[in-house]
Amino acid sequence: MSHALLACFPHPDDETFAVAGTLRHYHRAGTAVALWTATDGEAGSDNGVRGAPGALARTRRVELLRAAGVLGVDRLWAPGFPDGGLAALAPARLRASLHAAFGAVRPQVVITFGPEGAPTGHADHQALSRAVTALVADLQRAGAPEAPARLYYCTWTPAEDAPTHRPSGAPRVAPATPVTCRVDVRDALAVKRAAFEAHRSQHHHRAEFERDVLGPVEEYGLAAGLPGTVPQPAPLTDDLFAGL
């Protein structure tokens, strides 16, 4: 059975900071890799300078396309929802766009931010986590053919428990989902750097990227599975698809 992975994130460059190594790792293994990015990132800045949102949106969309190509993303959705406004967006609009991607990809595994909104606690991160989690739960409950077998949240090892080889993370805003999967991405670090280079408007975050992101593993916490219908992964595994 061929595998498919769908990553759902709010902004261009979230995929590079959070899961670039994982996307590249599974692409090289023959997995169909898809990415859904909610906004064009127009509320951000171009290397620290805020300009016209429309111009920045166009710039960042092109950067997202380039980064996705570097990482081996097979399919990309970029619906262009308002940056900074996902919590205020009509839930039905967000859900419909996500559902369309689920239906097209039929992923066994979906990854997104956890309910805490990742280390930054961004409101868009939290809103998208809620939307993806609710959609996965509803599809699994209904036994829908597009229901993923597993939902994973991006997470991290608490600083006091982190392996000594792992770089210290950014300030944490809330406890993370417990780590249940560590994907070894050492063979993808050069590609991860190349994806960051594609996001030229965000190069003012280079120090953060180098310090906090370029570790040997990317970590995930199992948020939802289908007990009784598919084998569940071990308490700690190195493969998001273990047993599938």
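**Burial and packing of helices 2 and 3**

The buried residues of helix 3 are covered by, among other elements, strand 1 (4-9), strand 2, strand 3, strand 4 (109-113) and helix 4 (123-142). In this predicted model, the residues of helix 3 that count as buried are Leu-94, Ser-97, Leu-98, Ala-101, Phe-102 and Val-105. Viewed down the helix axis, these residues lie within an arc of 140 degrees, and they therefore line one face of helix 3. Helix 3 comprises 15 residues (residues 91-105), for which a rise of 1.5 Å a residue predicts a span of 21 Å, and the separation of 21 Å between its end C-alpha atoms agrees with that expectation. The helix is followed by Arg-106, which adopts a positive phi, near 50 degrees.

Helix 2 (residues 53-71) can be described in the same terms. With 19 residues, helix 2 extends over 26 Å from its first C-alpha to its last, a value close to the 27 Å expected at 1.5 Å a residue. Its buried residues are Leu-56, Ala-57, Arg-60, Glu-63, Leu-64, Ala-67, Ala-68 and Leu-71, and because they cover an arc of only 140 degrees around the axis, they are placed on the same side of helix 2. Arg-60 and Glu-63 are thus included among the buried positions of this helix, whereas Arg-58, Leu-65 and Gly-69 are exposed and are carried on the face turned away from the buried side. The cover over the buried residues of helix 2 includes helix 1 (14-28), strand 2 (32-37), strand 3 (75-77) and helix 5 (189-198). Strand 2 and strand 3 are accordingly named in the cover of helix 2 and also in that of helix 3. Just after helix 2, Gly-72 takes a positive phi of about 90 degrees.

These two helices belong to a protein whose secondary structure consists of six helices and seven strands, arranged along the sequence in the pattern β-α-β-α-β-α-β-α-β-β-α-α-β. Among the contacts in the protein with a separation of 6 or more, 80% are accounted for by residues 24 or more positions apart. Of the 244 residues in the protein, 51% are buried, and the accessible surface comes to about 10400 Å², with 56% of that surface belonging to carbon and sulfur atoms.

Definitions and conventions: Residues numbered from 1 in each chain as written. Predicted model: local features only at pLDDT ≥ 70, side-chain atom pairs only at ≥ 80, totals over all residues. Heavy atoms only, no water. Helix = DSSP H or I, 4+ residues; strand = E, 2+ residues; numbered from the N terminus. Buried < 20%, exposed > 50% of the residue type's maximum accessible area, 1.4 Å probe, protein only. Contact = heavy atoms within 4.5 Å. Areas by Shrake-Rupley, 256 points an atom, 1.4 Å probe, with all protein chains shown as cover. Expected span 1.5 Å × (residues − 1). Arc of directions from axis to C-beta.
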